[in-house]
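Student: I'm new to this one and would like a close look at a single part. Could you walk me through a sheet, and then show me what else goes with it?

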Amino acid sequence: ILVYTINRLKEGMVNRMIKEVFKRNRERLMEKVNDNSIVILFAGNAPRKSADEQYQFTPNRNFYYFTGIDEEEHILVLTKINGVISERLFIKDIDEEMEKWVGKSIRPEEGKEISGVEDVAFISTFKLFLNKTFNNLVEVNLYLDIDREEFNSLKNVVGEFANEVKGKYPFANIRNLAPLIAPLRLIKNEEEIEEIKKAINITIEGVNSLMKNCKVGMKEYEVEAYFDFVCKSNGVKDFAFKTIAAAGKNATILHYVDNNCDIKDGDLILFDLGAQYNYYNGDISRTFPVNGRFSNRQKEVYNAVLRVNEKVINEIRPGVRFLDLNKKAKEWIAEECINLGLIKDREDVSNYYWHSIGHSLGLDTHDIEGNNRDVILQEGMVWTVEPGIYIEEEGIGIRIEDDVVVTSQGVEVLTKDMIKTVEEIEEFMNKYSI
C-alpha cells in the first residue's frame with residue numbers, strides 16, 4: 001500500500017497543498033463549533049448524465065477545503081464532545097472489480113497523507129459509527145453543509161441525510177455549517193493565493209494565445225479553442241466557468257455562452273474566462289478589436305471602462321465596505337455614460353451597466369460570501385474588479401476584469417501581467433497580424 005501511495009503522489013498529487021493547510025482549516029472551524037457537536041461533510045457524487053455516462057465529478061468545495069481530497073463518496077466527520085475534538089475520514093470501500101473499469105480509489109494511508117486526518121475508516125462502517133456516537137449523547141448538535149441556492153432547489157444528499165437523521169434521532173439539533181465556513185474561506189492563506197496565481201497565470205497565457213490567433217471571419221468558438229488548448233497543455237482539468245466569447249452585439253449579453261457566431265471586421269470581442277488549478281480559479285475579462293485597431297468610438301468607451309477599473313482598484317484596502325465600493329463604481333460608470341452621451345440622468349445608468357463591480361474569488365468563481373454582500377474588505381481577501389458598459393444599439397460591449405488580493409498596505413493586482421490599455425492591445429494585436 002505504501003509503495004502504491006508514493007507512486008500515486010508522484011504521478012499527480014505533488015502539486016497539492018500540504019496537509020498542514022487542511023489541518024489548520026479544520027482547527028479554525030472547530031473553534032467556532034459548539035460543544036457536544038458532530039460535523040459531517042460529504043465529498044458528493046457525479047450525477048448521471050445519460051445511459052451509463054456520468055457528469056464529470058467535482059468535489060464539494062467545503063469538503064475539499066478541509067481535506068484536499070477530490071474523489072467522490074468520501075465523508076469527513078469531526079466531533080467536539082466534552083471539549084475533546086476528534087476527526088475521522090470515511091473512504092470508499094475497496095472494490096477491485098470496479099477498479100478494473102474506473103481506476104483505483106484512495107487507500108487509508110493515502111487519505112492520511114493528503115488530508116492529515118489520522119483516523120481513516122471505510123465508509124461501510126459510517127452508520128455504525130454514527131449510531132454509536134448519537135446513542136452516547138443526551139443532546140447533540142449536528143452541523144451539516146446546508147447551502148440551498150433557492151427555496152425550490154432540488155433535493156441533495158445533505159438534505160436527504162438531514163431528514164433521515166432527524167427521523168432516527170429526533171433529539172439531534174440540525175445546524176447549518178455554511179455560515180461558519182464562509183468567513184474562513186473569505187480570507188485566503190498564502191498557499192491558497194499561490195494556487196490562485198497559478199490559475200491566473202495560465203489564464204493570461206491562454207488569453208495571449210487567443211489574441212494572437214484571432215482573425216476576422218473566424219467563429220467565436222474557434223478563437224475560444226486557443227484558450228482551451230493552453231489550459232489543457234498546462235494540466236488544467238476544468239475551467240473556472242463556461243467561457244464567454246462574445247463578439248459585437250453578443251458582448252452586451254452578460255452571460256452569453258453560445259460562442260457560435262461569426263466574427264466580423266470592426267467587431268470588438270469580449271472574453272470572460274478562467275483556468276482552474278487544483279480547484280482554485282482565475283477570472284479575467286478582456287475586450288479587444290478583432291482587426292487589431294479600435295475605432296474612435298470603441299476607444300472612447302473602452303477608456304471610460306478602464307478609468308473606472310483603475311479607480312476601483314485604487315480604492316481597495318482593508319476596512320473598505322464592499323457595498324460602498326460598489327456604489328462608488330456605479331456612480332463613476334454613470335458619470336462616464338453621461339460623458340459618452342448615453343444618458344442624461346445618473347439613474348439611467350442601469351440601461352448600460354447592471355451588475356456588481358466584483359465578487360470574491362477562490363475555490364468557487366463566485367466564491368462563498370455567506371450570502372452577505374455587505375463585506376468589509378480584509379487582508380487576504382481575493383476579489384475581482386469588473387466594470388463594464390454595454391451599448392446594444394451600437395453593438396459595443398466592454399468589460400475589463402482584474403483579480404486582486406487585499407494586502408495590509410492596500411491591494412496587489414494579481415493580473416498585473418495582463419495587458420489592458422488601448423495602446424498595449426493594439427501593439428500586441430498588430431504584432432501578430434498577418
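**The six-stranded sheet and its surroundings**

Tutor: Let's start with the sheet itself: six strands make an open sheet with mixed pairing, in the order S6-S5-S4-S1-S7-S8. At its edges are strand S6 (120-122) and strand S8 (172-176), each pairing on one side only. From one strand to the next, the twist averages 25°.

Before going on, a few ground rules. This is a predicted model, in which local features need pLDDT of at least 70 and side-chain atom pairs count only at pLDDT 80 or more, while totals for chains, interfaces and linings use all residues. Residues are numbered from 1 along each chain as its sequence is written, and side-chain values use heavy atoms, with hydrogens and water left out.

Some words need pinning down too. Helices (H or I, at least four residues) and strands (E, at least two) are DSSP runs numbered from the N terminus. Two strands pair if DSSP finds at least two bridges between them. In general, strands of a sheet pair through backbone hydrogen bonds, either parallel or antiparallel. Angles run from 0 to 180 degrees between N-to-C directions, with axes as lines fitted to C-alpha atoms, for helices over the stretch in contact.

Now look at the S6 end. Strand S5 (residues 84-91) runs parallel to S6, and three bridges join the two. One residue to find here is Ile91, whose bridge partner in S6 is Phe122. Helix H5 (residues 108-115) packs on the sheet and touches S5 and S6, its direction making about 140° with that of S6. Contact here means heavy atoms within 4.5 Å.

On to the other partner of S5. Strand S4 (residues 75-81) is joined to S5 by seven bridges, and these two run antiparallel. Across that pairing, Thr79 stands opposite Ser86 in S5. S4 and S5 form a hairpin with two residues between the strands, and there Asn82 takes a positive phi near 55°.

Rings are worth a look as well. They pair when the centres of Phe, Tyr or Trp rings (the six-membered one for Trp) lie within 6.5 Å; planes under 30 degrees apart count as stacked, over 60 as edge-to-face and the rest as tilted. Across the whole structure, a search finds 16 aromatic pairs. One of them joins Tyr65 and Phe66 edge-to-face, at 5.0 Å centre to centre and 85° between the planes. Tyr65 counts as buried at 1% relative accessibility, and Phe66 is buried too, with a relative accessible area of 0%. Buried means under 20% relative accessible area, exposed over 50% and partly exposed in between (1.4 Å probe, protein chains only). Ring pairs also link Phe42, Phe90, Phe126, Phe129 and Phe161 into a cluster.

For contrast, try another sheet. Three strands form an open, antiparallel sheet in the order S9-S10-S13. Strand S9 (244-247) and strand S13 (284-289) stand at its edges with a single partner strand each, so one side of each has no neighbour in the sheet. Neighbouring strands here are turned by 10° against each other on average, direction ignored. Strand S10 (residues 268-273) pairs with S13 in the antiparallel sense over six bridges, and Ile269 has Phe288 in S13 as its bridge partner.

The loop between S9 and S10 holds Asn259. Asn259 is not a glycine, yet its phi is positive, about 55°. Asn259 is also buried, with a relative accessible area of 2%.

Further along, strand S15 (residues 388-391) and S16 pair in the antiparallel sense over four bridges, with Ile389 opposite Ile398 in S16. The two form a hairpin with four residues between them, and Gly395 in the turn has a positive phi of about 65°. Strand S16 (residues 396-399) is covered on both faces: Ile396 and Ile398 on one side and Gly397 and Arg399 on the other are all buried.

Finally, step back to the chain. It has 13 helices and 18 strands. Its C-alpha trace spans about 75 × 45 × 40 Å along the principal axes. Of its 434 residues, 50% count as buried. Among contacts in the chain with a separation of 6 or more, 72% come from residues 24 or more positions apart.
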